[in-house]
Amino acid sequence: LESKNDYVSLAEKYQSFLLIFYSITTFLVLLLLFNLQTIIDILLNKHYNSAYNIIFIMILSTLFRCIGQFQSMLLICLNKTSILRNVGFFNLIIGLLLTTFLLSHSESSFFIGLSLGAKGLALKYLAMEILLVTIIFYKITKILDIKSGFLIRIVIIMITLLILIILASFVANKALSLFNYESNLGYSIISSVIFFS
């Protein structure tokens, strides 16, 4: 980038493309999360019901991973790879501490942990993705001089989509209860069609 106008133009493009990318990704992630039981029933089997929480956390973390990759590419294009390196080292240390805390046993001699097993790993993964996205987002807003109103727009998109999927789920449940019909697949089809609409 050679001038201030280049940065202004890049900031505008970054905001518009991130909002589009974020909206699509959030839409798909919420759709998967609210239909997770149906996905488990159809694609997996009842033995995976116990892994519901872990799968839920991993799908949720996909949202932050996608946004993180989008932002990382921008930093690479800006030749700000040192930020990615520093954040990576920081995340490595935090990740080690989180792993120790979430996975180690409470009776351990050196560490007192929560002994969460696979759920702990999933939570650690989610926490790392959120931390990475937050730090990189902060750095980019400083580099491109992006105002706080942009963050408000992101929050509004998330809240709006969340309200819409909750309303779609409510209507789907009411529709099925009117016909005294209980089916995860029926719920998923009706709620997904309403949410898409």
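These legends walk you through a predicted model, one close-up at a time.

**Figure 1. The whole protein is built from seven helices and zero strands.** Let's start with the overall view before zooming in. Following the chain along its sequence, you will read the pattern α-α-α-α-α-α-α. Along the principal axes, the C-alpha atoms fill a box of roughly 65 × 55 × 25 Å.

**Figure 2. Helices H1 and H3 pack against each other with their axes 10 Å apart.** How are these two helices turned relative to each other? The angle between H1 and H3 is about 165°, and because angles over 145 degrees count as roughly antiparallel, H1 is roughly antiparallel to H3. H1 passes H3 in a right-handed crossing. Look along H1 for the residues that touch its partner, including Leu10, Tyr14, Phe17, Leu18, Phe21 and Tyr22. On the H3 side, the contact residues include Tyr52, Phe56, Ile59, Leu60 and Leu63. By class, the contact of H1 with H3 has 18 nonpolar residues, three polar ones and no charged ones.

**Figure 3. Helix H4, residues 81-103, packs with H5 at an angle of about 155°.** The axes of H4 and H5 lie 10 Å apart. Since the angle is over 145 degrees, H4 and H5 are roughly antiparallel to each other. Their crossing is right-handed. From H4, the residues in the contact include Ile83, Leu84, Val87, Phe90 and Asn91. From H5, see if you can find Leu121, Lys124, Ala127, Met128 and Leu131, which are among its contact residues. Which classes of residue make up the contact of H4 with H5? There are 17 nonpolar, four polar and two charged residues.

**Figure 4. Helix H2, residues 36-43, meets helix H7, residues 184-196.** Here the axes are 9 Å apart and the packing angle is about 125°. An angle of that kind falls outside the parallel, antiparallel and perpendicular ranges, so H2 and H7 are oblique to each other. The crossing of H2 and H7 is left-handed. The list of contact residues can be given in full: Gln37, Thr38, Asp41 and Ile42 in H2 meet Asn184, Leu185 and Ser188 in H7. These residues divide into two nonpolar, four polar and one charged.

**Figure 5. The largest pocket has a volume of about 280 Å³.** Which residues are closest to the centre of the largest pocket? Of the 14 residues that line it, they are Tyr22, Phe64, Val133, Leu151 and Ile154. Tyr22 may look familiar: this residue of H1 also belongs to the contact with H3. The elements that give two or more residues to the lining are helix H1 (4-34), helix H3 (52-77), helix H5 (118-143) and helix H6 (149-178). What is the lining like by class, nonpolar, polar or charged? The lining divides into 12 nonpolar residues, two polar residues and no charged residues.

Key:
Residues are numbered from 1 along each chain as its sequence is written. This is a predicted model: local features need pLDDT of at least 70, side-chain atom pairs count only at pLDDT 80 or more; totals for chains, interfaces and linings use all residues. Side-chain values use heavy atoms; hydrogens and water are left out. Axes are lines fitted to C-alpha atoms, for helices over the stretch in contact, and angles run from 0 to 180 degrees between N-to-C directions. Helices (H or I, at least four residues) and strands (E, at least two) are DSSP runs, numbered from the N terminus. Angles under 35 degrees count as roughly parallel, over 145 as roughly antiparallel, 65 to 115 as roughly perpendicular and the rest as oblique. A crossing is left-handed if the near helix is turned anticlockwise from the far one by less than a right angle, and right-handed if clockwise. Contact means heavy atoms within 4.5 Å. Ala, Val, Leu, Ile, Met, Phe, Trp, Tyr, Cys and Pro count as nonpolar, Asp, Glu, Lys and Arg as charged, and the others, Gly among them, as polar. On a 1 Å grid over the protein atoms alone, a cavity is a set of points where a 1.4 Å probe fits but cannot get out, and a pocket is an open set with protein on both sides within 12 Å along at least five of seven lines; lining residues have an atom within 4 Å of a point. Grid points are joined across faces, edges and corners, and a volume is the space filled by probe spheres set on the points.
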